[in-house]
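Welcome! Here are some short exercises to help you find your way around a protein you have not met before. Try each task yourself, then read the solution.

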Amino acid sequence: MMTGRVHMRKVSVLLMVVLLVFGLTGCGKEDNPITDDLKQYLEQIALIQSIHDGAVSAYNSYFNNEDISSNDLVVIINDQVVVGFEEYIEKLEAIETTTDEVTDLKIMYADSVKLQYDAMVIISTAIGEKNTEKLSEASTMLSDAANKYDEYKNQLKTLAEDNNISLMNSSETRVDTSEE
């Protein structure tokens, strides 16, 4: 029969071992607010990405389908593309970030999306007015938006590499969490 004192020693030793194990597992892994913020931001972007993809797909349907008239394109832009972009921008802006680095990245991305949105509104108006100057302006805006997006992707890649985050897909919005 074990005395109370021997039992307490065993419990104390066991408790010390458990605390030591938990203490050591925390060593070597420093909390990095940028890493945590970037992972959370990318996870939130991934949750809403289908809204953006749907809006872009609706716009591209005109170019993939010879049966759609320019009037039908205006309806598609106004009812699906613009509405999709508005919803996406609202949800994008609602994503909270906690570090300057990720906030700057988010702003950079939001600027490219807003430029796409503005171009879509101008395209809709230009088609209705049969105004080639406005179409040219919108085309330039879409090109500028693509350049801003490329800049965003480069900044994202750099920030991810600097914080040991592996990006999983070509649009670079998902995080590889398999190593955690």
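**Exercise 1. Aromatic rings**

Task: Find how many aromatic pairs a search of the whole structure gives, and which residues form one aromatic cluster.

Solution: Keep in mind that this is a predicted model.
- Step one is the count: the search of the whole structure turns up six aromatic pairs.
- Step two is the cluster, which is formed by Tyr88, Tyr109, Tyr149 and Tyr152.
- Tyr88 is also listed among the buried residues of H3.

**Exercise 2. The overall fold**

Task: Work out how many helices and strands the protein chain has, and which pattern it follows along the sequence.

Solution:
- Begin with the count, which is five helices and zero strands.
- Reading along the sequence then gives the pattern α-α-α-α-α.
- Next, look at contacts with a separation of 6 or more: 67% of them join residues 24 or more positions apart.
- Finish with the surface. Of the 180 residues in the chain, 32% are buried, and the chain exposes about 11700 Å², with carbon and sulfur atoms supplying 51% of that area.

**Exercise 3. Two helices and their spans**

Task: Compare the end-to-end reach of H3 with its expected value, then do this for H4.

Solution:
- H3 covers residues 70-94, a run of 25 residues. From its first C-alpha to its last it reaches 34 Å, close to the expected 36 Å.
- Now follow the axis of H3: there is a bend of about 40° at isoleucine 77.
- H4 has 30 residues and should span 44 Å at 1.5 Å a residue. Its end C-alpha atoms are 43 Å apart, so the two values agree.

**Exercise 4. Around isoleucine 77**

Task: Which residues does isoleucine 77 contact, leaving aside neighbours within four places in sequence?

Solution:
- The contacts are Tyr59, Val82, Met120, Ile123, Ser124 and Ile127.
- Ile77 is itself buried in H3, as are Leu73, Val81 and Phe85, among others.
- Cover for the buried residues of H3 includes helix H2 (33-64) and helix H4 (100-129).
- Widen the view to the largest nonpolar core, which has 42 residues; Leu38, Tyr41, Ile77 and Leu92 touch the most other members. H2, H3, H4 and helix H5 (132-162) each give two or more residues to this core, and H4 gives the largest share, 12 residues.

**Exercise 5. Aspartate 72**

Task: Is aspartate 72 buried, exposed or partly exposed?

Solution:
- First locate aspartate 72, which is found in helix H3.
- Its relative accessibility is 38%. Buried means under 20% and exposed means over 50%, so aspartate 72 counts as partly exposed.
- For a look at its surroundings, take tyrosine 62: the two residues are 10 apart in sequence, and their C-alpha atoms are 8.5 Å apart in space.

**Exercise 6. Positive phi angles**

Task: Where does lysine 130 lie, and where does asparagine 164 lie? Then describe the phi of each residue.

Solution:
- Start from the general rule: most residues other than glycine have a negative phi.
- Lysine 130 lies in the loop between H4 and H5. Its phi is positive, near 55°, and with a relative accessible area of 71% this lysine is exposed.
- Asparagine 164 lies in the segment after H5. Its phi is also positive, about 55°, although it is not a glycine. Asparagine 164 is exposed, at 72% relative accessible area.

Terms used:
Residues numbered from 1 in each chain as written. Predicted model: local features only at pLDDT ≥ 70, side-chain atom pairs only at ≥ 80, totals over all residues. Heavy atoms only, no water. Helix = DSSP H or I, 4+ residues; strand = E, 2+ residues; numbered from the N terminus. Expected span 1.5 Å × (residues − 1). Bend = angle between axes of the 7 residues up to and from the residue. Buried < 20%, exposed > 50% of the residue type's maximum accessible area, 1.4 Å probe, protein only. Contact = heavy atoms within 4.5 Å. Core = buried A, V, L, I, M, F, W, Y, C linked by side-chain atoms within 4.5 Å. Phe/Tyr/Trp six-rings, centres within 6.5 Å; stacked < 30°, edge-to-face > 60°. Areas by Shrake-Rupley, 256 points an atom, 1.4 Å probe, with all protein chains shown as cover.
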